[in-house]
Amino acid sequence: KNKVKKQLKPIVFIFVIGLWILTGCNSNKQNDAVYDTLTDRYGNEITRPQKIERIISTAPSNTEILTALGLGSHLIAVDQYSQYIEGVNSDIEYLELTNPDAETIINLKPDLIITSGINSTENTENSYSVFEEAGISVVDVPTSQSIEDIYADIAFIAELTGTVEEGNTVIENMQEQINDIAAVGKTIDTPKTIYFEIGSTP
């Protein structure tokens, strides 16, 4: 008996190590998803899963774009300021804008996390590295500085999520609405001064 036990020990050890390696490899992949590459808004080559069904948005600007593209039903969590955006389901998780809970996000098993320049803090950068180590695709969209930037954001997120046609439609509708407003503006004889605040800090 002792001889048999001694012979079995190396076999069991090899089996356990092999199982651990396989488990570790699988934990870095989202259900063996197939990935491809594209260029992000910073000009960097990034990877994304070809099949995207579960999306987390960490900024209202990205959430607005995703819902406009018809992807509201794919959102499984958003930042707390996105909860009232039309198209966002009321029964999903809400995250802190600048300090999202890493454990909550990983447990949601997203295919894709779309972040924004407004999320860039020391805490969030550390959290996002944890997500990437867990095999989750994290894509950052820079803070827009102009309407043209917004068009580029829409086009990029549409390409990222496989909704290019919908993205083109959203951009065309925006351009039409802006042109209509500009046409009305040209008819105003006495220009008005407007104060518009988008944040409480400079």
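Biologist: In which helix is Asp 153 found?
Modeller: The model shown here is a predicted one. Helix α5 covers residues 147–161. Asp 153 is found in this element, helix α5.

Biologist: Is Asp 153 buried or exposed?
Modeller: The relative accessible area of Asp 153 is 5%. Buried means under 20%. Because 5% lies under that cut-off, Asp 153 counts as buried.

Biologist: Which residue forms a salt bridge with Asp 153?
Modeller: Leaving aside neighbours within four places in sequence, Asp 153 is in contact with Ile 65, Val 141, Pro 142 and Ser 144, and also with Arg 41. A polar contact of 2.7 Å joins the side chains of Asp 153 and Arg 41. A salt bridge needs a nitrogen of Lys or Arg within 4 Å of a carboxyl oxygen. With its closest N and O atoms 2.7 Å apart, the salt bridge partner of Asp 153 is Arg 41.

Biologist: How many residues apart are Asp 153 and Arg 41?
Modeller: Arg 41 lies in the loop between β1 and β2, whereas Asp 153 belongs to α5. The pair therefore links distant parts of the chain, with Arg 41 partly exposed at 24% relative accessibility. Their separation in sequence is 112 residues.

Biologist: How many salt bridges does the count come to?
Modeller: One of them joins Asp 153 and Arg 41. Another joins Arg 48 and Asp 36, with the closest N and O atoms 2.5 Å apart. Lys 51 and Glu 53 also form one, at 3.4 Å. The count comes to three.

Biologist: Which strands hold Arg 48 and Asp 36?
Modeller: Arg 48 is buried, with a relative accessible area of 14%, and Asp 36 is partly exposed at 22%. The two residues are 12 apart and link distant parts of the chain. Arg 48 is in strand β2 and Asp 36 in strand β1.

Biologist: Is Lys 51 buried or exposed?
Modeller: Its partner Glu 53 is partly exposed, with a relative accessible area of 43%. For Lys 51 the value is 60%. The cut-off is over 50%, so Lys 51 counts as exposed.

Biologist: Which helix do the buried residues of α2 pack against?
Modeller: In helix α2, which covers residues 60–68, Asn 62, Thr 63, Ile 65, Leu 66 and Thr 67 are buried. These residues pack against the strands β3, β4, β6 and β7. Ile 65 is also among the contacts of Asp 153. The helix they pack against is α5.

Biologist: Which residue just after α2 takes a positive phi?
Modeller: Helix α2 covers residues 60–68. The phi angle in question is about 85°. The residue is Gly 70.

Terms used:
Residues are numbered from 1 along each chain as its sequence is written. This is a predicted model: local features need pLDDT of at least 70, side-chain atom pairs count only at pLDDT 80 or more; totals for chains, interfaces and linings use all residues. Side-chain values use heavy atoms; hydrogens and water are left out. A salt bridge is a side-chain nitrogen of Lys or Arg within 4 Å of a carboxyl oxygen of Asp or Glu. Helices (H or I, at least four residues) and strands (E, at least two) are DSSP runs, numbered from the N terminus. Buried means under 20% relative accessible area, exposed over 50%, partly exposed in between (1.4 Å probe, protein chains only). Contact means heavy atoms within 4.5 Å. A polar contact is a pair of N or O atoms within 3.5 Å; within protein, one must be able to donate a hydrogen and the other to accept it, and residues adjacent in sequence count only if both atoms are side-chain atoms.
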